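Work through the exercises below with the sequence and the structure side by side, and try each task before reading its solution.

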Amino acid sequence: LSDLSGFQSRLGLSVWLGCPINVLNNVIPILILVLGMADGVHLAGHLKESDHSAYDTVARIGPPCALTALTTALAFACIMLTSNAQLFEFEVLGALGTSLAFVVFITTCALLAQVIRPSHYPTPKFANAFASGLTRLSMARPRVLIVAASALLAVSVVGYQQTKAWCPLYQNLPQGSTTVQVNDAIARDFGGVFQMIVDVKGEWADTMALVDKLTQIEGAEAVLSNTALARWLVLDRAPTLENLADAPSSLIQQLRPSNNVQRIYISVPEPMRDANAYALVERLQATAMQGGAVRVFGLPRVMRVEAVNLIAQLSGSLVLVSVLATLIVALVFGALCLFPVLLIPNVLPLMLTGASLHLWTGGELSPTAVLALTISFGIAIDDSVHFLNRFYEARKRGESANRAAQYASATAGQVMVLTTVLLTFGLANTMISGFFPIRLFGGMMILTLWVALVFDLLLLPVLLGGRKNS
């Protein structure tokens, strides 16, 4: 019930803010629901331990849940660095929705815990076995583990750097869309459905020479200009207004927007349809600029240039949220030395998942992929927060680092496993979407969360000082 209350609060928020629900931000309610379920598992797990009271549960588990809501909201907020309107709505709904859902969730949970007692069924054994097994493994081979993790991080960083910014528009169409087939057919026979626009100033002969070069590249059927009209009228000079008296005035205005500007329209395929299309558009632009064009613009340039700029902005958001979220968690626990301790096990999953794009998309780094990594970091660090909370609880009782790590693994660790399973099931419905970006978003988040879980349970006990014989 608490989770559904938070879920409904997000849907209401979209109405209050006047933001339409689209393909992208439609995943936010799912994220909030599964995050609420994850917090609920942590609260229920503590409530079952020695039959703690609802007040004690909220007092001890509520603060780390609030911190996880903050880091997740921060991940959404950092997307504000981009100037994309759709992503801005995604960021606002995500940040405010996460914060509002936490307030509704923790209040509802505290009230329900007064009247509904948790069941006495034990936590599934596989969760405890998985968490404890990884922790024992890390303490048995700490040096080997750290060296292996460092090597894997280095390889992953190199792999991630080898990805290329790529934003194919056709992937935003539903799977099996006939529009893609039609666009491909038009590109094959008539150049394409998108128009590259070239403005030139200068002598008529120079313009004709440039049109000839562009025609040789893309074909006569794909290039429209005043020179084509002149040839149709069997003229060896620029056509006058009298020559074009029978032509539509809108066409004349398009081809000659002013007295000293000639405009050339080139039909091209989607620039990022594939490597060949991208090379073709690049060649056309280079030829136009070398032939005296004063500017080249149009939708193909937006798709080719602005999309890459968007990916760069989102990459900046990813770096920012990684640093800020980790710093905030370290400050909340009162130890700046936790900054590198937290950064390593949480950045490694991002780099590893980013490098896996070579398998997912052939190394293409799209806005959706960077977006998934950014939100994944905000969620993945939640596990670290709960582990640290239990670790420092034990340390305050006078336990050694080894005992404290084992306690954190036995309590928070097994719940971390269960929450990751829940998140996986919650995000799994994105894998049946007809839109590839949605499938990529969900798949990358699932992979990141599982890798983050494994490395949290492997690296945190060692980096916090736990050793087998201590």
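**Exercise 1. Locate M431, decide how far it is covered, and find the surface patch to which it belongs.**

Solution. Bear in mind from the start that this is a predicted model. Begin with the position along the chain: M431 sits in the loop that runs between α16 (401-428) and α17 (436-463). Next comes its cover: the relative accessibility of M431 is 37%, and because partly exposed describes values between 20% and 50%, M431 counts as partly exposed. Finally, look at the patch, in which M431 joins L359, W360 and L447 to form a nonpolar area on the surface, with about 400 Å² accessible for the four together.

**Exercise 2. Describe the protein as a whole, through its helices and strands, its buried share and its contacts.**

Solution. Start with the elements: the protein has 17 helices and six strands. Of its 470 residues, 51% count as buried, while the accessible surface comes to about 21300 Å², with 62% of that belonging to carbon and sulfur atoms. Then turn to the contacts between residues at least 6 apart in sequence, among which 79% join residues at least 24 apart.

**Exercise 3. Find the largest nonpolar core and follow the contacts of I379.**

Solution. As background, nonpolar side chains in soluble globular proteins tend to be buried together. The largest nonpolar core here has 78 residues, and those with the most contacts inside it include L31, I379 and M445. Setting aside neighbours within four places in sequence, I379 is in contact with L31, L35, T72, L423, M445 and L449. Apart from this core lies another, of 19 residues, among them V198, I266, L280 and V296.

**Exercise 4. Decide whether E218 and E393 are buried or exposed, and list what each of them touches.**

Solution. Take E218 to begin with, which is found in helix α8 (residues 204-218). Its relative accessible area is 11%, and because buried means under 20%, E218 is buried. Not counting residues up to four places away in sequence, E218 touches G191, I266, S267, V268, P269, L280 and L284. The C-alpha atoms of E218 and V281 are separated by 9.5 Å, although these residues are 63 apart along the chain. Now turn to E393, which lies in helix α15 (residues 367-396) and counts as buried at 14% relative accessibility. With residues up to four places away again left out, E393 touches R60 and Y407.

**Exercise 5. Examine the salt bridges formed by D199 and by R304, and say which parts of the chain they link.**

Solution. A search of the whole structure finds six salt bridges. In one of them D199 pairs with R295, and their closest N and O atoms are 3.0 Å apart. This pair links distant parts of the chain, with D199 in strand β2 (residues 194-200) and R295 in strand β5 (residues 293-297), 96 residues apart. As for cover, D199 is buried with a relative accessible area of 4%, whereas R295 is partly exposed with 41%. In another salt bridge, the side chains of R304 and E282 meet at 2.2 Å, N to O. Here R304 belongs to helix α12 (residues 299-332) and E282 to helix α11 (residues 275-290), 22 residues apart. R304 counts as buried at 8% relative accessibility, while E282, at 29%, counts as partly exposed. To finish, salt bridges that share partners join D199, R263 and R295 into one network.

Notes. Residues numbered from 1 in each chain as written. Predicted model: local features only at pLDDT ≥ 70, side-chain atom pairs only at ≥ 80, totals over all residues. Heavy atoms only, no water. Patch = residues over 30% accessible without salt bridge, like charges linked within 9 Å, V, L, I, M, F, W, Y side chains within 5 Å. Areas by Shrake-Rupley, 256 points an atom, 1.4 Å probe, with all protein chains shown as cover. Helix = DSSP H or I, 4+ residues; strand = E, 2+ residues; numbered from the N terminus. Buried < 20%, exposed > 50% of the residue type's maximum accessible area, 1.4 Å probe, protein only. Contact = heavy atoms within 4.5 Å. Core = buried A, V, L, I, M, F, W, Y, C linked by side-chain atoms within 4.5 Å.
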